[in-house]
Amino acid sequence: VIQGIFRSNYVIFGVAVVQNMYGPKSTTTAAILSAILVPMYNFLAVVALSIFGEKRENDWKKIILDIIKNPLIISSVLGIIFSLLGIRLPTAVDSKVKGNLKTAFVVLTIKLVILPLIMIPMVVMMGYRDADLLSGVLAYQTPVAVSSYIMAQQAGADGQLAGQLVVFSSVLSIFTLFVTIFILRTMGLLAV
């Protein structure tokens, strides 16, 4: 549930949607935001799953060790290092949906509706418009990241729910993103 609310597929959607609407020269904010969001999402997911996963770890030393040893954290750190050094690399949902519908509805309502209703006005009040504003919108309203399913399974958490949240959020975000972009364009905050 925690991952379902805060994790998103921003890397897949963010830069692509901004580039599609504003062209390649306008993707700077989206690219920078993805470099910040991916390690942050991974770090927060490891913490949440260590505390609330099947093992319910309360030992902070163990949680810190889990963070340091986590493959997604290691790969995020290596990715940052490789990027800074300029090193280039070569280019489930189970069928038991019914039991998770209430939880999925709550999580996706928070993720795709409530969180954007809180965060987007804040981004607008900070003065962001056009491609920069769209980057902020996509940071909060893109589907749940696929990696949340894998991490939930590895932590002994509810992998089934995590997988369902990935699928449902992917389908629902098509509608919520369209509506959000339409409203922001109508308000003159996103110009093309």
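**Exercise 1. In which loop does P143 lie, and is P143 buried or exposed?**

The model is predicted: local features need pLDDT of at least 70, side-chain atom pairs count only at pLDDT 80 or more, and totals for chains, interfaces and linings use all residues. Residues are numbered from 1 along each chain as its sequence is written, and side-chain values use heavy atoms, with hydrogens and water left out.

Step 1. Place the residue. P143 sits in the loop between α7 and α8 (147-154). Helices are DSSP runs (H or I, at least four residues), numbered from the N terminus.

Step 2. Check accessibility. P143 has 0% relative accessibility, so it counts as buried. The scale: buried is under 20% relative accessible area, exposed is over 50%, and partly exposed is in between, with a 1.4 Å probe and protein chains only.

Step 3. List contacts (heavy atoms within 4.5 Å). Neighbours within four places in sequence are left aside; P143 then contacts R7, S8, N9, F13, K111, S169, S170 and S173.

Step 4. Take a distance. P143 and V179 are 36 residues apart in sequence, and their C-alpha atoms are 15 Å apart in space.

**Exercise 2. Describe the surroundings of R7, a contact partner of P143**.

Step 1. R7 belongs to the loop between α1 (2-6) and α2 (10-22).

Step 2. Its relative accessibility is 2%, so R7 counts as buried.

Step 3. Beyond four places in sequence, R7 touches Y41, N42, A45, L72, K111, P143, V144, A145, S147, S148 and M151.

Step 4. The R7 side chain makes a polar contact with the side chain of S147, at 3.0 Å. A polar contact is a pair of N or O atoms within 3.5 Å; within protein, one must be able to donate a hydrogen and the other to accept it, and residues adjacent in sequence count only if both atoms are side-chain atoms.

**Exercise 3. Which polar partners does the side chain of Q141 have?**

Step 1. Q141 lies in helix α7 (residues 130-141). It is buried, with a relative accessible area of 2%.

Step 2. A polar atom of the Q141 side chain lies 2.9 Å from the backbone oxygen of L112.

Step 3. The Q141 side chain also makes a polar contact with the side chain of T180, at 2.8 Å.

Step 4. Not counting residues up to four places away in sequence, Q141 touches L112, P116, I120, S173, T176, L177 and T180.

**Exercise 4. Compare how α3 packs on α4 and on α7.**

Two packed helices are described by the angle between their axes and the distance between the axes. Axes are lines fitted to C-alpha atoms, for helices over the stretch in contact; angles run from 0 to 180 degrees between N-to-C directions.

Step 1. Take α3 (residues 28-52) and α4 (residues 60-69). Their axes come within 9 Å and cross at roughly 140 degrees. That makes α3 oblique to α4. Angles under 35 degrees are roughly parallel, over 145 roughly antiparallel, 65 to 115 roughly perpendicular, and the rest oblique.

Step 2. Name the residues. From α3 come F43, V46, V47, S50 and I51; from α4 come W60, I63, D66 and I67.

Step 3. Now α3 and α7. They pack at about 20 degrees, axes 9 Å apart. These two helices are therefore roughly parallel to each other.

Step 4. Here the contact uses T29, A30, L33, L37 and Y41 of α3 and D132, S135, G136 and A139 of α7.
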